[in-house]
Number of protein chains: 2
Amino acid sequence: MRDASHPAAHSSLGALLRDAYEWVSERVYGRLAGQGFPEIRRAHGGVLRHIRPEGSRLTELAQAAGMAKQSMAYLVEDLARLGHVETLPDPEDGRARRVRLTAKGRGLMETMLGLSREAEAELAAAIGAREAAGLRRALEKLAALR
Amino acid sequence: MRDASHPAAHSSLGALLRDAYEWVSERVYGRLAGQGFPEIRRAHGGVLRHIRPEGSRLTELAQAAGMAKQSMAYLVEDLARLGHVETLPDPEDGRARRVRLTAKGRGLMETMLGLSREAEAELAAAIGAREAAGLRRALEKLAALR
DNA sequence: TGCCATTCGTCAGTTTGTCTGACGAAAAGG
DNA sequence: CCTTTTCGTCAGACAAACTGACGAATGGCA
């Protein structure tokens with residue numbers, strides 16, 4: 001760090017958010033390897049997060065994640081190869097594929113949830129519970145307006 | 001949005017941070033095109049942010065941005081091609097290149113700074129000044145500990 | 001009932017941004 | 001001077017996104 005005299009005072013909000021995201025991501029995805037899931041990358045998170053228990057369509061997942069269906073197909077194929085999701089034909093629509101978590105995938109989700117809570121607790125320890133709660137509140141408020 | 005009953009209540013902190021970063025980035029980089037800088041992409045921001053007035057070495061920039069020097073070289077070459085930075089031989093070290101902002105690059109930086117402030121003001125209007133201030137305070141506190 | 005527009009997912013190709021490894025040239029320090 | 005380190009480049013790989021074109025299935029409507 002070059003300029004400790006006025007720490008992050010002039011950093012842009014975007015840079016601050018990106019750094020904080022990086023801080024959390026390192027803790028979640030970095031530790032996933034140690035928990036038996038070394039092949040899960042960050043992009044996989046955006047897929048898994050949106051899969052409903054009954055299964056979700058590819059296009060639906062793409063929309064939820066805000067990406068093209070081709071990009072989502074690439075990620076889903078990856079997760080299927082790794083055994084975390086499976087795809088079935090949709091009984092109600094012959095064109096569609098239903099993407100569903102496997103048992104292994106549900107284990108992964110639980111682990112990720114645990115690591116995420118752990119990271120948030122570490123954040124609270126680092127900056128104070130009050131600040132951490134304020135951070136989450138502000139972020140949730142923003143998310144609700146989208 | 002599918003489940004408005006308990007909004008973002010169970011979202012992971014990582015997802016919330018990523019979404020907020022996306023929200024800000026859209027406003028800054030999206031509007032840059034309208035301000036006469038249509039070719040500036042997000043990755044360029046991480047380069048520009050760290051260039052000191054006297055110029056910075058490539059390796060130094062790479063370290064500051066947390067990436068390999070080859071990756072930084074690719075981004076710097078891009079910015080040089082666009083006329084925002086120029087590289088000079090370092091007078092003190094025959095191996096090194098000095099990367100410096102051009103006048104055009106300084107204009108870009110000012111524009112980006114303005115858009116960033118604008119985005120932060122919009123955030124404050126959207127979630128409330130109090131929450132927005134709390135958000136920045138928490139993020140700066142985290143950044144200071146890194 | 002049959003046609004046509006729409007939607008679902010895939011194929012093929014491209015771009016962006018990152019990485020690793022190997023290397024030549026220059027500097028630094030005995 | 002010679003050796004080790006550092007600076008930047010070359011070459012190649014990969015991840016993660018994109019666009020455009022397309023065949024197959026669905027669904028609305030005349």
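I started with DNA strand C and found 20 residues around it, where "near" means that a heavy atom of the residue lies within 4 Å. The closest are A:T59, A:R95, B:R41, B:Q70 and B:S71. Of the strand C atoms that come within 4 Å of the protein, 62% belong to sugar and phosphate.

A note on what I'm looking at: this is a predicted model, where local features need pLDDT of at least 70, side-chain atom pairs count only at pLDDT 80 or more, and totals for chains, interfaces and linings use all residues. Residues are numbered from 1 along each chain as written, chains are lettered from A in the order written, and side-chain values use heavy atoms, with hydrogens and water left out.

Next I looked up polar contacts to strand C (pairs of N or O atoms within 3.5 Å). A:T59 has a side-chain N or O atom 2.4 Å from a phosphate oxygen. A:R97 also goes to a phosphate oxygen, at 2.6 Å. A:R95 instead puts a polar side-chain atom 2.4 Å from a base oxygen.

Then I asked which elements give two or more residues to this surface. They are α3 (58-65) and α4 (69-81) of chain A, plus α4 (69-81) of chain B; helices here are DSSP runs of H or I, at least four residues. α4(B) gives the most, with 4 residues.

Last, I checked charges over rings (NZ of Lys or CZ of Arg within 6 Å of the ring centre and within 35 degrees of the ring normal). In chain A, the charged end of A:R27 sits over the ring of A:W23, 3.7 Å from its centre. In chain B, B:R27 sits over B:W23, again with 3.7 Å to the ring centre.

Technical notes:
Polar contact = N/O pair within 3.5 Å; in protein donor to acceptor, adjacent residues only side chain to side chain.
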